[in-house]
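Trainee: Hi! I'm new to this one. Could you walk me through it?

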Protein chains: 2
Amino acid sequence: MSWKVEEQSFDREKIAMNGNKFMIGNGAIGYRGTLEEFTKDQLTASTLAGLYDKVGEQWREPINAPNGVYTRLTCDGQPLSVLDTEFDRHAQALDIAQASFHRNTVFRTSGGNRIEISSERFVSMEQLNLIAMKYEFSVAQACEIVLDTGIDGDVWDINGPHLENKSVWSEDGIVGLTATTHELRVEVTVAESVTWIGGLSRPEESRQPGSAIRQFKLRCEPGVTYGFVKYVLICYGETEGQSSSATALSIAKAALQLTYETHLQEHLVHWARKWEASDVLIEGDDEAQFALRYSLYQLHIIAPTQSERVSIPARGLSGQVYKGAVFWDTEMFMLPFFLYTQPEVARNLVMYRVHTLDGARRKAAEYGYRGAFYAWESQDTGDDACTLFNITDVFTNRPMRTYFRDKQVHISADAAFGIWQYYAFTGDESVLLEGGAEVILECARFFYSYAYYKHDKQRFEVLDVTGPDEYHERVNNNAFTNALVNKTLDIALQTLALLEERHPAFREALIAKLDYGQDAGNLRHMLLQLYMPQPDPVTSVIEQFDGYGQLEDVELKQLKSRMLNKNEYLGGGSGIATTTRILKQADVVLMLHLFKQQYSQKVKRANWEYYEPRTEHGSSLSACIYALVASDIGNPDWAYRYFLRTATIDLTGDSKQYVGTLYIGGTHPAANGGAWMAAILGFAGIDAGEGVIRLQPALPDQWKSIQFGIVYQGERYRIAVSKSEIVVSADGGNKTAQSFQSGSESVSLAPGASHSWIYDSAKRGALHA
Amino acid sequence: MSWKVEEQSFDREKIAMNGNKFMIGNGAIGYRGTLEEFTKDQLTASTLAGLYDKVGEQWREPINAPNGVYTRLTCDGQPLSVLDTEFDRHAQALDIAQASFHRNTVFRTSGGNRIEISSERFVSMEQLNLIAMKYEFSVAQACEIVLDTGIDGDVWDINGPHLENKSVWSEDGIVGLTATTHELRVEVTVAESVTWIGGLSRPEESRQPGSAIRQFKLRCEPGVTYGFVKYVLICYGETEGQSSSATALSIAKAALQLTYETHLQEHLVHWARKWEASDVLIEGDDEAQFALRYSLYQLHIIAPTQSERVSIPARGLSGQVYKGAVFWDTEMFMLPFFLYTQPEVARNLVMYRVHTLDGARRKAAEYGYRGAFYAWESQDTGDDACTLFNITDVFTNRPMRTYFRDKQVHISADAAFGIWQYYAFTGDESVLLEGGAEVILECARFFYSYAYYKHDKQRFEVLDVTGPDEYHERVNNNAFTNALVNKTLDIALQTLALLEERHPAFREALIAKLDYGQDAGNLRHMLLQLYMPQPDPVTSVIEQFDGYGQLEDVELKQLKSRMLNKNEYLGGGSGIATTTRILKQADVVLMLHLFKQQYSQKVKRANWEYYEPRTEHGSSLSACIYALVASDIGNPDWAYRYFLRTATIDLTGDSKQYVGTLYIGGTHPAANGGAWMAAILGFAGIDAGEGVIRLQPALPDQWKSIQFGIVYQGERYRIAVSKSEIVVSADGGNKTAQSFQSGSESVSLAPGASHSWIYDSAKRGALHA
């Protein structure tokens, strides 16, 4: 089985897409899969996690650091670039096992010379500031080569430029470019070192004053390999009292103490651990196997392994799209992967919500509510980066008022739910004590303050919200939202009970701090009387929101035939989906996945069948949910189509690139997380919670087996599911026994023990030991 | 002073406008001000009050009866029409004192002959089925005249054709055209008689089989006046067991017993009474004098004098625009005129809501509410004629979802308020006992069922409504709507108290019928805790709805400069006013007018000044309200501009003709009623209620005096207001004394007595006896 994404040719049309597809990163820096000679026009980017900037009234977005990878060869006066030079061969590859990018090109000059370039690079998982690169070349005929390499300060920006007062410095052979951001005046430095390898002699070096690009001239002979190793260091802000330039210089010097190979080895140790923790083996389906591994790769390169102050943006670190903002995607679509495989990363992700609680409090207050209303688009401070006019109308070119920011209140429930899931899954109370409990209580208080009571019907209702289906804004009693509000109230009361039992003094202090004396009673009252839309007694369909069933029941195909412009937005005040039952993405069906134990197979099936043909899948968050619930109701072959769509999204580039006039391309971490969920929670049918791990597999036809490891409550298990058998093995290092259940048979698995269940794959929900 | 609207020429561009301007009618039939030779292309229409039809999925609208006035001369083979024949002279006039239309044209034929035509017509106020017409002509040179006259069945329809199975009959010289409507199969008959007058001999008559148009041939000599009198009878449905054709035939025969002059005299008796009851004399301002009289004329020709099953449509009887539907316009903008001058008509108008209560109940139930939710666009049954897609987007040509029907809940308050006002003003309890109390209770119940309670703030709120400013749909706590809901609750409780005191058995039966046992308590609870937006402590401005103050504060001129299409709709989901503070029409300011005693001058002034520059006056209902409140705050000169705009709207034709792609031309009864309000309630400053009639005048500069009569509690008074004096005279036929108050002086005026107050016109609100 290959672990490589490869491209054997160069296609100008694929530059943007391959920038995403061949991306490398380490959770702190994302480096797009572009070639060394590329510039901002080809969307080169070194996107930094957690550093944002705003220019004028433009959207606040992450900064792209100056491009330290930039390198270009000139052969006898002819610059070489795949963009405008003939070549005999070009190939590029991404090794997802090692998280390294590889390139090989044989250029043919106008003078008939052939220049072969090979390069590789990785963003170190050990030294998070480091991009390491090796660049080698050889010539077919003797010639003069000029090599430009350095830091290209003219970077791709959507709403920039963000860096000002650029200054270039040089010390001990290290060249640096230091600049400051526009809004918060944060100093950013990119430094680089160049070490020549191979060749006949050290080339002649020069640099224009004020330029961060060095020029090397050398006379090249055939049969010799020339090249250099380059370390690019990216630092910003102060580190232990040192400026970014001082830090960059000192870590550049330290990096130079180690060879490229040593840096690579350190990097690979981390990656080996990642794959050991998370790899999934699929027997019988090479396409699915690769796509799933690729999805996990994409998650690994953007996961914050060493910071709880950043989370994962909706487009990962693939650029500035969606303002580099963190959405509900993290909790709902990525968190399960990390929870089941690397709970330490999951902890960082949920702690991000603790660190942004004050922003959520400010947002609630701004709208006149109490508690915490999390940002729909969250950046460093937790203040909402989402604008009120988030889309441009293609017909009038006017900004369109959308209610993502104001009305997607479920975001606070998602945040609380994520924290609680982490606690419930790991048993790690520290996250509650370090702020998680406070988040949960504040979110519940927000919902109490948001909800209304209907005397006539003696119930609380949640009005004027936007659910996952963003095409229907400002609806009442969205079933999904109400279910999550209900869950938040329940979690808050459980949190209070847990603190009372285990940390009474902490609880007392927290109640006092939050002035929460009356609130617990309010939450209990609301929980008892909160309206939860129920399945229709005849059809079992749960109405997505009040009045959904009165909307026009048009077929998706027919709706699309009404489009007048391929980029027109289907929702909002005058979108053509708004007045119909066509939904953007899984909404009720997502609720049925999240609360799968609370709904009968009949209800899940009825709703899947009802909503599936009405779903446009206008969001990359949709397909995986339909895959999950299709597996749950025993239709893995229905699920398979959606699984593949989710798992291949960044390989095929087959996703929406524009909404209105807004570019939304980039990687799709939520879909990547969804691919893992569809495989493990869907096909393998794992559901861990409330002390037991349930197993209810339903493999697609072509899959012979699936094997993977999970962590639950800090203990490790290997699980292998074939068409007729489930085998679970508890790690020998585990400390306690764990209950597993499949069908009617529960087993308590002691450390080192294993157990197998025989099941009838055709008879979902009727499993036998 | 002239009582005539005149036009001394013919302008093709003004055909549609003059059709409105020269309209005649009697409340049952409206006949547009078109010429006899006109056909549907010139929008001829005999619009019938209360008869509606729907074809397919098109909008339901009133039917236009076949045109019995149709008449055309042909001179020596040349048909004569202002549309394509040369003429030496053309004049047309509307006599508003007599409600008659007059025409005089001198045609010049291609052969050099001159044919003079004079005609007049009126829609009888005595015999409501009758249009009477006199048509005379003379020739300059001997010639052969062919006269076509009869019933033109090919009529103007917006969403027709509505009449099917047309059959033509003839009996005793009366020709009839009978047809049936499409939806309800109602039989409609137009019959006509022709009686020759003048001339030398009876002309030769012929008629093609199946045609309802007769042809008369005659040899005409100069110096002789030829002519005929025509009675057109329009009947529909069954009358005392008789079909419409039988009824039409019998009343045609009866009409023929009387001469044209006798019919006219009977008609004039009614009109003399109308003017006696309602005329307003303005000294010093001929333009205002005429415009105001013309406004009253427009109201008189459409007022239902003899039916409580119809009310006044938004475009009167000027055609099918706005579906011939009754809006809140009636209660809020027309009712005061009738209340103060002809309470018997006011009674019909409010009883219309009693007869359409079941439709309002159906609408409430359809939306899941209890009680009565009146139709935003009400026709014969009270079911809502308003469509969910009421406007077409000019950019995409798509139907636009609007929330007029769903969310303008204040309509139920308007209906209840109208009934209560009628009762309070006349003391006529019968309207309460004959269904009015039931309407009020059901409307209050609707609001209880509509409202939500906010525990956090311990108050009821009225969410998701559209107030008068339709550019801002689906807002929360619209101050106007909340005030009217509050009033409705109050009225309902007052109604219950009144019934308890005076009609306990009736009350008991009503409570039982409506199962209203719990409701009174609910209403009381809600009335105590209903949120009423208050003036800002600093600015005194009352926020139009929650969050209005956060909207973009753009200048009206700037907003209009953003328009890309002159007919684009400014509101709705993506209108350019929607996201700004620009309002369509008086909203908060209307509330300050309706509840003028409850707000200080300071608050009224602050809000007038705040909202006035932000109001687009995109509705003809807006200007009069700004006039009223400007008078109230002592700025009659600010008011005067708005008064003139209101009073001249149908004379100048200066109003919006299109919203999106929808034609909205026609007459403007609400503005006509608004003109009366601006004059009497505004400048003269009359405010009758709670047993006292207050007088607080503020005349515009150029007005020397205003004089008029009013009726209150069945007693009549004449009021004369000059710049420094108010004189009130109680009619000698009155039965009881009535309290009047101006400034600090109250006077009880016995029958036949009069009183005068001296006031300082410069010092509003500081009056002296």
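Mentor: Happy to; we'll go from the whole chain to the pairing of the copies, and then to some single residues. Keep in mind that this is a predicted model.

Trainee: Okay, chain A to begin with. How many helices and strands are there in chain A?

Mentor: Chain A has 20 helices and 33 strands. Its radius of gyration is 27 Å, close to the 27 Å that the globule rule gives for 769 residues, so chain A is as compact as a globular protein of that length.

Trainee: And what does the C-alpha trace of chain A span along its principal axes?

Mentor: About 85 × 60 × 60 Å. As for the inside, 54% of the 769 residues of chain A count as buried. Looking at contacts in chain A with a separation of 6 or more, 66% of them are between residues 24 or more positions apart.

Trainee: What does the domain assignment of chain A give?

Mentor: It gives domain 1, residues 4-275, and domain 2, residues 328-683. The C-alpha centres of those two domains of chain A are 39 Å apart.

Trainee: How many residues of each domain are in contact?

Mentor: Nine residues of domain 1 of chain A are in contact with 10 residues of domain 2 of chain A. On the domain 1 side, the elements giving two or more residues are α1 (15-21) and β4 (46-53) of chain A. The largest share there comes from α1(A), with four residues. By class, that domain 1 side has five nonpolar, two polar and two charged residues.

Trainee: Changing topic: which UniProt annotation covers residues 690-733 of chain A?

Mentor: An unreviewed UniProt entry annotates that span as "domain: Glycoside hydrolase family 65 C-terminal". In the model, residues 690-733 of chain A are 0% helix and 59% strand, and the end C-alpha atoms of the span lie 22 Å apart.

Trainee: Now for the two chains. By what turn and shift can chain B be laid on chain A?

Mentor: A turn of 179 degrees and a shift of 0.2 Å along the axis lay chain B on chain A with an RMSD of 0.1 Å. The two copies are thus related as by a two-fold rotation axis.

Trainee: Which residue of chain B comes closest to the rotation axis?

Mentor: That's Gly573(B), with its C-alpha at 1.8 Å from the axis. The same surface serves both copies, as 100% of the contact residues of chain B recur in chain A.

Trainee: How many residues does the contact take from each chain?

Mentor: The contact takes 22 residues from chain B and 22 residues from chain A. On the chain B side, the elements that give two or more residues are β21 (399-401), α10 (430-450) and β22 (452-454) of chain B. β22(B) gives the most to that side, with three residues.

Trainee: And by class, what does the side of chain B that touches chain A have?

Mentor: Seven nonpolar, eight polar and seven charged residues.

Trainee: Let's zoom in on the backbone. Where is there a cis peptide bond?

Mentor: One joins Gly160(A) and Pro161(A), with omega about 0 degrees. Pro161(A) sits in the loop between β12 (143-150) and β13 (163-171) of chain A. In chain B, the peptide bond from Gly160(B) to Pro161(B) is cis too, with omega near 0 degrees. Pro161(B) is in the loop between β12 (143-150) and β13 (163-171) of chain B.

Trainee: Why point those out?

Mentor: Most peptide bonds are trans, and most residues other than glycine have a negative phi. On that second point, Gln458(B) has a positive phi, near 50 degrees.

Trainee: Where is Gln458(B) placed? And is Gln458(B) buried or exposed?

Mentor: Gln458(B) is in the loop between β22 and β23 (459-461) of chain B. It has 9 C-beta neighbours inside 10 Å, so Gln458(B) counts as exposed.

Mentor: Gln713(B) also has a positive phi, about 55 degrees, although it is not a glycine. Gln713(B) lies in the loop between β28 (705-712) and β29 (715-722) of chain B. With 17 C-beta neighbours inside 10 Å, Gln713(B) counts as partly exposed.

Trainee: Last one: where is Lys253(B) placed?

Mentor: Lys253(B) is in helix α2 of chain B, residues 244-256. Lys253(B) is partly exposed, because 17 other C-beta atoms lie within 10 Å. From Lys253(B) to Ala325(B) is 72 residues in sequence and 33 Å in space, C-alpha to C-alpha.

Key. Residues are numbered from 1 along each chain as its sequence is written. Chains are lettered from A and ligands numbered from 1 in the order in which they are written. This is a predicted model: local features need pLDDT of at least 70, side-chain atom pairs count only at pLDDT 80 or more; totals for chains, interfaces and linings use all residues. Two residues are in contact if their C-beta atoms, placed from the backbone, lie within 7 Å. Ala, Val, Leu, Ile, Met, Phe, Trp, Tyr, Cys and Pro count as nonpolar, Asp, Glu, Lys and Arg as charged, and the others, Gly among them, as polar. UniProt positions are given in the numbering used here, feature names are shortened, and annotations may be inferred rather than shown by experiment. Copies are superposed by least squares on the C-alpha atoms of residues with pLDDT of at least 70 in both. A residue is buried if 20 or more other C-beta atoms lie within 10 Å of its own, exposed if 12 or fewer, and partly exposed in between; C-beta atoms are placed from the backbone. The radius of gyration is taken over C-alpha atoms; the globule rule is 2.2 Å times the number of residues to the power 0.38. Domain bounds come from an automatic or database domain assignment.
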